[in-house]
Amino acid sequence: MPESDLAAQVDDVLSVDPDEFQSQVEADAEVIVEEVDDGTFDNPQAIIGFEYEFYAVDAETTALRRVPRRLLELIGFEKELGLHNAEMSTSPQPLNPHGLAAQEAEVKARLSAAEDRTAAEGMRLVSDAMWTIPPEGESAREYLTDSVEDRGVRIASNMSDSVRYHAMANSPASAGMRLEAPHVDLEADTVMPESLITSIQPHYQVPHARDLPTYFQYAVRVAGPLLALGVNSPFFPPDLYEDGADPEAILADGWDEHRISVFETVLNRDADDPDKVRFPRDLGSVEEAVERIAEDRTIVPMPVETSDRFDDEFAHFRLKHGTFWRWVRPVFGGATRSDANARIEFRPIAAQPTVRDSIAFQAAFAGLVESMFRREHPVRHLDWVIARDNFYDAMREGLDADLYWITNAGEETTDYEAVYEDLFAHAKDGLQSRGLSDEQAAKYLYPLRQRARHRLTPASWKRERVRERLDDGESFADAVHGMQAEYVERQAETLIDGTFADWVGRGDTELEREE
């Protein structure tokens with residue numbers, strides 16, 4: 001899209017009256033509550049879905065690549081924030097053996113087809129938390145901060161032509177547009193630095209909308225332990241670190257999941273209290289869930305076009321929800337009345353080394369909330385402040401975090417083995433309650449059990465590779481780039497059919513029967 005056209009569209013968005021938009025959002029909220037009362041958002045069973053983000057690299061050099069828009073259309077993926085991003089969404093399926101198998105098969109089928117097509121263009125799609133090698137001939141700092149001004153409208157040069165993203169940089173209620181992390185400090189004129197990160201997002205549709213707050217409490221409490229298993233972004237692109245930063249200090253002070261801090265600092269403003277992006281508080285009722293979304297600070301009050309879709313009955317609310325940024329968030333949607341659903345979107349987990357690892361998180365999350373709700377697991381009563389602290393400790397330390405937990409027996413513990421023994425037991429129980437056999441449940445959870453058993457995560461693998469290269473005399477930049485090239489190479493061999501356990505010599509052991 002020509003810059004002048006995009007600037008004009010941004011101007012149109014910025015002309016929307018925020019008070020009128022908010023008034024429509026509040027009216028839409030009443031519609032949703034009425035439909036909840038009528039049972040419209042209830043389902044006969046739990047339903048699962050999945051969003052999967054990737055970035056593109058040059059197949060030869062592993063440097064970041066922009067994905068042509070025509071190629072995105074050809075492979076059936078959706079655009080995301082950066083020109084290098086691509087996103088896939090699966091078709092919702094019942095939580096049962098066939099539904100989970102269908103989710104995995106759909107991801108593999110579409111990704112395999114996309115890989116064939118992108119290979120012809122000399123690029124690969126990478127499943128990873130954060131890219132670290134910028135496009136050839138550019139620095140990461142240049143790529144993330146390059147922008148132009150067109151008739152007073154700030155346009156990010158490497159951002160997708162989504163009007164909402166560009167409007168964020170020009171709205172009076174703008175975002176933070178910066179990076180803050182140990183030894184990293186970057187200021188930008190747009191939200192483009194967010195395009196450093198990619199994620200997976202499992203969805204769980206609750207059978208009865210009125211039960212959503214209870215499922216949500218469990219989702220909030222498993223967020224920390226699951227995040228600790230999935231950490232995958234210990235390094236930024238090297239040129240984003242402060243001049244003269246000591247590699248030893250970067251290794252010592254860096255966190256295991258910088259993706260969390262990127263999202264928070266790019267989108268939160270210093271003046272905000274509370275922040276736009278944050279760990280969510282518990283919900284007391286469905287009405288409270290709807291109210292929180294409706295009352296959240298609006299960044300971009302977009303113009304709304306409606307059709308005959310069911311969720312167009314609350315179209316303003318639906319748009320508002322797009323910037324309701326919580327690490328776990330409730331969703332009310334459905335294109336038709338029969339598809340209407342209340343669901344939980346689980347957002348803490350970064351994109352993983354392989355498809356099987358990614359689907360393992362989907363299965364674990366669904367199994368956990370399924371079992372914990374049905375068995376009234378006492379961890380629901382874990383103090384919210386502790387659940388929040390678990391989350392941010394996991395962000396910093398991964399599996400070395402001191403997680404506080406309440407077991408099914410009601411025992412309070414910080415013992416690593418007790419925490420994960422309880423977690424996997426209930427994940428497995430939840431899957432079996434939905435018809436999976438002992439062997440099927442164990443197979444889905446196997447990649448994560450291996451991580452917990454051997455205390456190995458993608459982040460720790462990346463740290464070890466960089467440490468080895470530094471010890472061999474490489475510069476920090478070369479060590480990070482070398483590690484990243486090895487990540488892409490290993491993923492090329494295992495993305496569709498392997499697991500991260502294969503990378504660390506733990507994947508060729510016989511799948512043990514988990515009691």
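In this predicted model, Arg 259 is buried yet has no salt bridge, and Glu 257, the nearest side chain of opposite charge, is 5.4 Å away. That distance does not meet the criterion for a salt bridge, because a side-chain nitrogen of Lys or Arg has to lie within 4 Å of a carboxyl oxygen of Asp or Glu. The residue belongs to helix α9, which spans residues 258–267. Leaving aside residues up to four places away in sequence, Arg 259 touches Ala 129, Met 130, Ile 197, Thr 198, Ser 199, Ser 233, Trp 327, Arg 347, Pro 348, Ile 349 and Ala 350.

The setting of Arg 259 becomes clearer when the whole helix is considered. Helix α9 is largely enclosed by the rest of the structure, because 10 of its 10 residues are buried. Among these buried residues are His 258, Arg 259, Phe 263, Glu 264 and Leu 267. The buried residues of α9 pack against two helices that precede it in numbering, α6 (163–168) and α7 (212–230), as well as against β7 (178–181) and α13 (384–397).

Elsewhere, charged side chains do find partners, and the count comes to 43 salt bridges. One of them lies within α13, a helix already met as a packing partner of α9: Asp 393 pairs with Arg 396, with the closest N and O atoms 2.6 Å apart. These two residues are separated by about one helical turn, because they stand three residues apart in α13. Asp 393 counts as partly exposed at 23% relative accessibility, and Arg 396 is likewise partly exposed, at 31%. In a further arrangement, Arg 309, Asp 311, Asp 312 and Arg 318 are joined into one network by salt bridges that share partners.

Two neighbours in sequence, Arg 65 and Arg 66, each form a salt bridge. Arg 65 pairs with Asp 58, and their closest N and O atoms are 3.2 Å apart. In this pair Arg 65 is partly exposed, at 24% relative accessibility, whereas Asp 58 is buried, at 14%. Arg 66 pairs with Glu 138, with 3.0 Å between the closest N and O atoms. This second pair links distant parts of the chain, 72 residues apart: Arg 66 sits in the loop between β1 and α3 (69–75), and Glu 138 in the loop between β4 (123–126) and α5 (140–145). Both partners are partly exposed, Arg 66 with a relative accessible area of 32% and Glu 138 with one of 25%.

On the surface, Glu 26, Glu 30, Glu 34, Asp 38, Glu 291 and Glu 295 gather in a patch of negative charge. Helices α2 (18–37) and α10 (286–295) are the elements that give two or more residues to this patch, and α2 supplies the largest share, three residues. Glu 30, which lies in α2, counts as exposed at 53% relative accessibility.

Beyond α2, the loop that leads to β1 (47–58) contains Asn 43. This residue is buried, with a relative accessible area of 11%, and its contacts outside the local sequence are Gln 205, Val 206, Pro 207, Ala 340 and Asn 341. Gly 334, in the loop between β10 (328–333) and β11 (341–346), is also buried, at 12%. Gly 334 too touches Ala 340 and Asn 341, along with Phe 310, Asp 311 and Asp 339. Although Gly 334 and Phe 41 are 293 residues apart in sequence, their C-alpha atoms are 8.7 Å apart in space.

Conventions: Residues numbered from 1 in each chain as written. Predicted model: local features only at pLDDT ≥ 70, side-chain atom pairs only at ≥ 80, totals over all residues. Heavy atoms only, no water. Patch = residues over 30% accessible without salt bridge, like charges linked within 9 Å, V, L, I, M, F, W, Y side chains within 5 Å. Areas by Shrake-Rupley, 256 points an atom, 1.4 Å probe, with all protein chains shown as cover. Lys, Arg positive; Asp, Glu negative; His and termini not counted. Charge placed at Lys NZ, Arg CZ, Asp CG, Glu CD. Helix = DSSP H or I, 4+ residues; strand = E, 2+ residues; numbered from the N terminus. Buried < 20%, exposed > 50% of the residue type's maximum accessible area, 1.4 Å probe, protein only. Contact = heavy atoms within 4.5 Å.
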